[in-house]
Amino acid sequence: MSHVVIFRATLRRELKLLARQKADWVNPLLFFIIILTLFPLGVGAKPNLLREIAPGVIWIAALLSVLLGAERQFRQDYRDGVLEQLVAARAPLLGYSLAKITAGWLGSGLPLILVSPLLILFLGLSTDALLAVVLTLLLGTPLLSLLSALGAALTLSADKGGILLALVILPLYIPLLIFASSAVEQASFGLGYQAQLAVLAAMLCVALALVPIAVQKALKLNVG
Amino acid sequence: MFKWLDPYAKPQVLFATLLWWQRGLMPLAIVVLVIGTIWGLGFTPADYQQGDSYRIIHVHVPAAIWSMGVYAWMAIAAFIALVWQVKTAQWAIGAIAPIGAVYTFIALFTGAAWGKPMWGTWWVWDARLTSELILLFLYLGVMALQNAFADRQTGDKASAVLAVVGVVNLPIIHFSVEWWNTLHQGATITKFAKPSIDPSMLWPLLICLLGFALLFGALTCLRLRTAILQHEAHRPWVRQYVEEQQNARV
């Protein structure tokens, strides 16, 4: 089996699962929207204040909602023995990991981008800032999916997976958070933010090249 | 080329070697640290601007530099553990991580104590401070991951992967003061130019730097020896060693 074959097969299966188990992508999306509603309720619905904290709020909500779905990413395959069979058959896990990550992004990253126009209404963002939100989410959410897949793979057979996953992965999210929210902030002042986008794109390229290898390694050592 | 390193992958040989190193490094580290701190805190001239409060530099800078240096060593051990599957390198990660976490904490704490009189605040969300804080979280994550598995070996390997991935943070910390316009000052010593500090202050600082490095080496030897004993507790040579120690004490 080559990487391409297993990539296609896994992706097809994951997409079917996403289509049939709608909770898998609807729940993180609802979580994202609910967190965004909590902020105006918590800090008070003053338009100026909301506009000021919007970049950080949007990105923290995105981080948490991607993290929410991350734990389940490999859990099912680990429990029912699919992973064990793949390792035992010496199947190319790189293709499998990449397909899982892609499906994870389609399930938890893409919906966030699609609902982001709602944010204009919620947080009173300008059109420029909205464009920045969409662009940073477009570059940032694949990175979130990659890193959360790494966390999920690392903590796969751990006793207390969920909270450990957050502890392991959130520090790695911080640089992304800093650049993405600074891009949105610049945009809301009407300034250029190409530099931040370039850094995000660079981080994505590096992660895309290296993280799947680490995921593969982590899966193997958890299966044993 | 690295054939001479092979015997050291064997826990028993490494244990004896570490004992030898520890006996040399520990007294040396203590002497150097005492000289460095007494010279730095008591006998250097006061700064023309910061007065006496700059003296904390003799603890802050070595701890900060070695918080990153220790991480680099941990990552090297992790890389060796992953690529060549060396058991003792896996144990070294667990031995090194808490030392690095404490160094990072010292750097953050002394930084806060220095920031209060100089910047007027304990903490600012400045690039270097934030990335040093991330480093602390990374150390804690490695430690937590290592202890999270029922199977100890899985924990060792998983933390090795995380330690290698976390290396991306090192250049971010080091260059944060150059990339972003921040409150924290730029590099004083670790640059390819004449240090921007007077020799009378530089010398005790360099001695403290050496002291922190020696202390790190000595503590690593100690902790790695303990880890070897724990992991190899079922081996005859460990039992024999422990018996000898007990007999010697009686």
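Of the 224 residues in chain A, 50% are buried, where buried means under 20% relative accessible area, exposed means over 50%, and partly exposed covers what lies in between (1.4 Å probe, protein chains only). For chain B, with its 250 residues, the buried share is 49%. Please keep in mind that this is a predicted model: local features need pLDDT of at least 70, side-chain atom pairs count only at pLDDT 80 or more, and totals for chains, interfaces and linings use all residues. As for bookkeeping, residues are numbered from 1 along each chain as its sequence is written, chains are lettered from A and ligands numbered from 1 in the order in which they are written, and side-chain values use heavy atoms, with hydrogens and water left out.

Let us start with the fold of chain A. Its secondary structure consists of 11 helices and zero strands; helices (H or I, at least four residues) and strands (E, at least two) are DSSP runs, numbered from the N terminus. The radius of gyration of chain A is 18 Å, close to the 17 Å that the globule rule gives for 224 residues, so chain A is as compact as a globular protein of that length. Here the radius is taken over C-alpha atoms, and the globule rule is 2.2 Å times the number of residues to the power 0.38. Along the principal axes, the C-alpha atoms of chain A fill a box of roughly 60 × 35 × 30 Å.

How do the contacts in chain A spread over the sequence? Counting pairs of residues at least 6 apart in sequence, 79% of the contacts join residues at least 24 apart, a contact being heavy atoms within 4.5 Å. The surface that chain A exposes comes to about 10200 Å², and carbon and sulfur atoms supply 68% of it; such areas come from the Shrake-Rupley method with a 1.4 Å probe, and for residues only the protein chains shown count as cover. Chain A also carries 16 positive and 10 negative side chains, and the centres of these two sets lie 8 Å apart. In that count Lys and Arg are positive and Asp and Glu negative, while His and the chain ends are not counted; each charge is placed at NZ of Lys, CZ of Arg, CG of Asp or CD of Glu.

Some of these charges pair up. A salt bridge is a side-chain nitrogen of Lys or Arg within 4 Å of a carboxyl oxygen of Asp or Glu, and by this rule there are seven over all chains. One of them joins A:Arg13 to A:Asp77, with the closest N and O atoms 2.7 Å apart. A:Arg13 lies in helix H1 (residues 3-20) of chain A and A:Asp77 in helix H4 (residues 72-79) of chain A, so the pair ties together parts that are 64 residues apart in sequence. A:Asp77 is buried at 1% relative accessibility, whereas A:Arg13 is partly exposed at 33%. A:Arg13 and A:Asp77 also belong to a network of salt bridges that links them with A:Glu14 and A:Lys100.

Helix H4 takes part in another bridge, between A:Arg72 and A:Asp24, where the closest N and O atoms are 3.6 Å apart. Because A:Arg72 lies in helix H4 of chain A and A:Asp24 in helix H2 (residues 23-43) of chain A, this pair ties together parts that are 48 residues apart in sequence. A:Arg72 is partly exposed at 44% relative accessibility, and A:Asp24 is partly exposed at 27%.

Turning to chain B, you will find eight helices and zero strands. About 13100 Å² of chain B is exposed, with 68% supplied by carbon and sulfur atoms. Among its contacts between residues at least 6 apart in sequence, 74% join residues at least 24 apart. B:Gln22 offers a local view: this residue sits in helix H1 (residues 11-43) of chain B and is buried at 14% relative accessibility. Beyond its neighbours within four places in sequence, B:Gln22 is in contact with B:Pro27, B:Ala218, B:Cys221, B:Leu222 and B:Arg225. Chain B has a salt bridge between B:Glu232 and B:Arg235, whose closest N and O atoms are 3.1 Å apart.

Finally, a word on backbone angles. Most residues other than glycine have a negative phi. A:Arg90 has a positive phi, near 55°, and is exposed, with a relative accessible area of 76%.
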